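Student: I've got a new model open and I'd like to practise reading it. Could you walk me through a few features?

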There are 2 protein chains.
Amino acid sequence: MAETSASTAGKPAKQDAKAKLLDAALATIRTKGYAATSLDELCAAAGVTKGAFFHHFKSKDALGVAAAEHWSETTGELFANAPYHDHPDPLERVLGYVAFRRSLLTGGIPDFTCLVGTMVQEVHETSPAIREACDRSISNHAKTLEADIEAAMAARGMKPGWSAASLALHMQAVMQGAFILAKAKGGAEVAAESVDHLARYIELLFGAKTR
Amino acid sequence: MAETSASTAGKPAKQDAKAKLLDAALATIRTKGYAATSLDELCAAAGVTKGAFFHHFKSKDALGVAAAEHWSETTGELFANAPYHDHPDPLERVLGYVAFRRSLLTGGIPDFTCLVGTMVQEVHETSPAIREACDRSISNHAKTLEADIEAAMAARGMKPGWSAASLALHMQAVMQGAFILAKAKGGAEVAAESVDHLARYIELLFGAKTR
DNA sequence: GACTACATACCGACCGGTTGGTATGTAAGC
DNA sequence: GCTTACATACCAACCGGTCGGTATGTAGTC
C-alpha cells in the first residue's frame, strides 16, 4: 500500500499521476456522478494532463473499473481496521459493524456516500466492466459479514428462512438506500434513522433486547 | 389536466409531443441515467425534433423536473389503485404495500427501478431543482404510508422509539437500496430478498408471527 | 363569413464549446 | 538505447441550446 512514497531505496516515487487521478476520480464521481465527470475536469482536479491520463488508463471506462477497485481497497482497509471486530460475541460484532457505518455518516454528502453504488446506478446497462467491478466491490464487502452472522445464528441454534448471505446483502441495500435518501433530502439525518431501523431489525431477528 | 386526450370528438389531439418526450425520458433515463441521456437521443426516441423539445421545456434541467413530476403522477396512480388498501387491518395494509412492491420486481431492470432514485444520485449536488423534485416524489410517496403505520401502532398501544414517518422513509430506503443491488447483480432476485427482509422487520416490529 | 391579429405547436439547420480519444514529443531512469 | 512517465497539440463527433420559419388554431371585428 505504501509503494507510492519513495520509501526505502532511492526509488523516485513512481505512480504519482495514477494515484492522484484515482483519488480525484473518487472525489469527483462521488460528487457529480460518472457520466457528468469529464476527463478534462478530472485531470485538472488531479493536477495532471490528458497525456498522463491515457498513459495510465486506456479509456474512461477503464478508469471507472480502476476507481471501483481502488475504492474496494481503501474501504476494505477502513473496515478491516475498524474496532467492531474486537467484540467476543459475534452478534455484537454485526451490530458493531452497523454502529460503525452509522458513525461514518458525517460531513458533506459526497464524503460518506458510496462510489460504487453511485456508479453502478448510471452504467449498469451501458458498461458491463464497470458494473461487474461495482458488483464485486459490494458483494465482497458483504461477504466479510457472513461469518459473524453465521456464528451468531449458530450460537442460538437458529435455522431461519433466510441466509447469512442474504442478510449481509440486505444490510448493504439499506446503506445504499439510506445514501439515496440523504442525497434527496440534502442531509445525513434521514440516513442515520434508516441505519437505526437496520440495527433494530438485527436485534429483533436474533432475539436481543430492543432499545 | 385531461386536455391532452382527444376525448369525445375524433380530434387528433395536437399536444402529444410533450407526452411522448416525457414517456421517452422515463424510459431512457431509467436505462442510462440522466447525464448520459442526450437531448438528440431523447428526441429521436420520442420521435420529435429538438424544436419541439425546446418549445415544451426551457432546458434539460426543466425536463428533469418535469420527468420527476410525471413519475410522481403515474406511480401515484399505480399505488392509489393497488389492492392492498382493501385490507381492514392497518398492519395488513402496510405489509400488503410491501408485498405489492415485491410483486412489481419483474421484467428488465429499467422496468422496475425508480426514476427519481436514479436521477437524484447523479444531480443532487449539481441541480437543486431536480433534487427537490425527486425529494418531493419520494417523500410524498412515503407519506401515503404514514396513516396506516400510525393506525397499526395505535391498535397495539405502541409508543416506540421510532416514528411512523421514519419507518415509512426506511421502507423507501430499502426499496432504493434493493434497486442498486439489482443493478449491480443484473437481476431482480437480490432485490426481492431484501424486500422479504423488510417485510420480516415490519412483522417483528409489530409483534406479528414471522413466517 | 371573410379578414386581421395573435398564439400555440412544431420543425430542422445551425452555433460555439466540450467531449473522449490520438499522435507526437521529451526528459529521466535502467 | 530502450522503456517508462508524463506533457503538448490536436481532432472529429457530439453536446445543450438558439433561431427563423411554417402550419394550424382561435377570437374579435365588420
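Tutor: Let's go through the symmetry and then two helices. This is a predicted model, in which local features need pLDDT of at least 70, side-chain atom pairs count only at pLDDT 80 or more, and totals for chains, interfaces and linings use all residues. Residues are numbered from 1 along each chain as its sequence is written, chains are lettered from A and ligands numbered from 1 in the order in which they are written, and side-chain values use heavy atoms, leaving out hydrogens and water.

Student: What rotation superposes chain A on chain B?

Tutor: Two copies of a chain are related by a rotation about an axis and a shift along it. Here the rotation is 180° with 0.0 Å of shift, and the RMSD is 0.0 Å (least squares on C-alpha atoms of residues with pLDDT of at least 70 in both copies). That is the relation of a two-fold axis. In chain A, the residue closest to the axis is A:Gly177, its C-alpha at 1.9 Å.

Student: How many of the residues of H7(B) are buried?

Tutor: Buried means under 20% relative accessible area (1.4 Å probe, protein chains only), and helices are DSSP runs of H or I, at least four residues, numbered from the N terminus. In H7(B), residues 115-123, 9 of the 9 are buried, so the helix is largely enclosed by the rest of the structure.

Student: And which helices do the buried residues of H5(A) pack against?

Tutor: They pack against H4, H8, H9 and H10 of chain A, with contact meaning heavy atoms within 4.5 Å. H5(A) has 10 of its 14 residues buried, among them A:Tyr97 and A:Phe100.

How values were computed
Buried means under 20% relative accessible area, exposed over 50%, partly exposed in between (1.4 Å probe, protein chains only). Helices (H or I, at least four residues) and strands (E, at least two) are DSSP runs, numbered from the N terminus.
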